[in-house]
Every structure is written in C-alpha cells, then in structure tokens.
Amino acid sequence: MAGLFITFEGGEGSGKSTQIAEIGNWITARYPDIELVITREPGGTVPAEEIRKILVNGDKNKITPQTEALLMVAARTENVHKIIRPALDRGAIILCDRFADSSRVYQALAHGAPIEKIDQLHAFGFDNLQPDITLYLDLPPEEGLERVSRRNSDVADDIETESRFEDKGLGFHTRVRDGYLTLSRTFPDRFHLIDGQQNKDAITQDIIDIIARKCEQFDDR
Ligand code: TYD
C-alpha cells in the first residue's frame, strides 16, 4: 500500500502554512479513513526541531553556508527516516512544509553551492526520496518579505521571530525565487507553480484541482 508524498515550497511569506492547514482539512473531509501526516522542515522530529533552532535564529552570518546545508540535510534525514518513509509505508498522505527543493534553492541556487553536491548529500541521507507532488507558491520576494516583516512587528520583543533567513536580504530572496522558477522547468512532472498573489481561497482551489487527481488512488480504499 503506497502513500502520497506532497511537499509545499515557496519564498518567505508565501502562505504555505495557511494552505497546508486548508488542504489538510480538505483531505480529512474527503478521505476520513486515510491517515494524514503533516510535518515541516527544518524540523518534524524532536532532534530535527533542535537543529531548526540553530538554523532559523540568530545572526545571518553565524554559520557558513556549507554548515547550513549540512544541518538542513541532517534535519531532513531524521524527518525522512522517522516520519515520512514509515508514513508512506503505512499508506498515509503526507503534507510536508518544505523539503529537498528548499535546499536545492536556498543552499545551492541562491547561496552558490553546486546543486549536485546537495543531491549527493540527499542520496547519502535518504536515497534522494522525491515527492509525488510539489506545490510551489510563487510570490515576488518584495511582497513576501513585506508580509513577514508586518507579521514580525506584532511579535513581543522577547520572542524569537526565526528571522535569520529573512535577514539575508532582497538580493538573496530574488535568487531564491529565480531558483524555484528554474526547478519548475527542471521537474515539470511533479512541480506545480501556483500564483501566490491570488486570494487565499483561489490558491486553495488551485491546489485542490492539482491534488484531487492524484488522490483518486485513495477512492476505493
Ligand atoms: P520555514 O519554517 O518554512 O519558514 P517560512 O514559513 O518563513 O518560509 O523555513 C525556515 C527557513 O529555512 C526559511 O527561511 C527557508 C529556510 N530553509 C532553507 O534555507 N533550506 C532548507 O532546506 C529548508 C527546509 C529551509
């Protein structure tokens, strides 16, 4: 019994978490007997959430891009072995907030590491498991960064805002978007570009239109 592995990708402030919650509700309503697993990266397991704290908090230059890449893949390896693969083997539907494409884009295409090296790390960690569907919420980086800074301004001063990546600046985040657009041409079968500037409900509907076909395999379970 095979499950379905769906990943969500996008730049800062692209609305992934909102959409994952909406799509989770849609799946539960339509397939109440199918197990739904929602996870995120970096994170998803207790040790991977520990690694996340190093990655998303503090000064943008506190670790080298190479260390950043290794920690991202280390956290992902935990998530694949402990959460994602067992869930796939149980026949679950998995929604993952970011996955390997985030490292291909942020650590390789935006930070300059060769993409092949990142894929070699993924091969070492977890045999380069690929998602069945990747939903990329596309948004101009100016707009995404603006949304995030509005969100952070509402947060109390003593709470960490996980803003280490936002602090890398507009040039970096423009390369992130260009990187995602490159991947959407590299993996046309699984990679779906969604206009993240639409209203929330229109984005949800676009995603449902894409995943409904793939979910048909669960209709007679
Ligand atoms: P995330 O929690 O998805 O942040 P947001 O909801 O603000 O997009 O991810 C945290 C940060 O980690 C985000 O700025 C992107 C970065 N990141 C990488 O650089 N490489 C990776 O492989 C992953 C998973 C995340």
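E12 and R98 make a salt bridge in this predicted model, with their closest N and O atoms 3.9 Å apart. E12 sits in the loop between β1 and α1 (16–30), while R98 sits in the loop between β3 and α4, so the pair ties together parts that are 86 residues apart in sequence. Keep R98 in mind, since that residue comes up again with the ligand and with the backbone.

**Salt bridges**
- The E12–R98 pair just passes the distance rule, because a salt bridge here needs a Lys or Arg side-chain nitrogen within 4 Å of an Asp or Glu carboxyl oxygen.
- Going by that rule, the model has 18 salt bridges.

**Around the ligand**
- There are 15 residues around the ligand, and the ones that come nearest are R52, R76, R98, S103 and Q107.
- K16 has a side-chain N or O atom 2.9 Å from an oxygen atom of the ligand.
- R76 also points a polar atom that way: an N or O in its side chain is 2.8 Å from a ligand oxygen.
- With Q107, the ligand atom is a nitrogen, and the distance to an N or O atom of the side chain is 2.8 Å.
- On its own the ligand would expose 540 Å², and the protein buries 91% of that.

**The sheet**
- Five strands make up an open, parallel sheet, and reading across it the order is β2-β3-β1-β4-β5.
- The edge positions go to β2 (36–40) and β5 (191–195); each has a single partner strand, so one side of each has no neighbour in the sheet.
- From one strand to the next, the twist averages 20°.
- For β2, the partner is β3 (residues 93–97), which runs parallel to β2 and is joined to it by five bridges.
- One such pairing puts R40 opposite D97, its bridge partner in β3.

**Helices across the sheet**
- Helix α3 (residues 65–89) lies across β1 (4–10), β2 and β3, and runs at about 160° to β2.
- Helix α4 (residues 100–110) lies across β1, β4 (133–138) and β5, and runs at about 25° to β1.
- Strand β1 therefore turns up in both lists, because α3 lies across β1, β2 and β3 and α4 lies across β1, β4 and β5, with contact meaning heavy atoms within 4.5 Å.

**Backbone oddities to look at**
- The peptide bond from E41 to P42 is cis, with omega near -10°.
- You'll find P42 in the loop between β2 and α2 (46–56).
- R98 shows a positive phi of about 75°, even though the residue is not a glycine.
- That R98 backbone angle belongs to the loop between β3 and α4, and R98 is also one of the residues that come nearest the ligand.

Note on methods: Residues are numbered from 1 along each chain as its sequence is written. This is a predicted model: local features need pLDDT of at least 70, side-chain atom pairs count only at pLDDT 80 or more; totals for chains, interfaces and linings use all residues. Side-chain values use heavy atoms; hydrogens and water are left out. Two strands pair if DSSP finds at least two bridges between them. Helices (H or I, at least four residues) and strands (E, at least two) are DSSP runs, numbered from the N terminus. Axes are lines fitted to C-alpha atoms, for helices over the stretch in contact, and angles run from 0 to 180 degrees between N-to-C directions. A residue is near a molecule or strand if one of its heavy atoms lies within 4 Å of it. A polar contact is a pair of N or O atoms within 3.5 Å; within protein, one must be able to donate a hydrogen and the other to accept it, and residues adjacent in sequence count only if both atoms are side-chain atoms. Accessible areas come from the Shrake-Rupley method with a 1.4 Å probe; for residues, only the protein chains shown count as cover.
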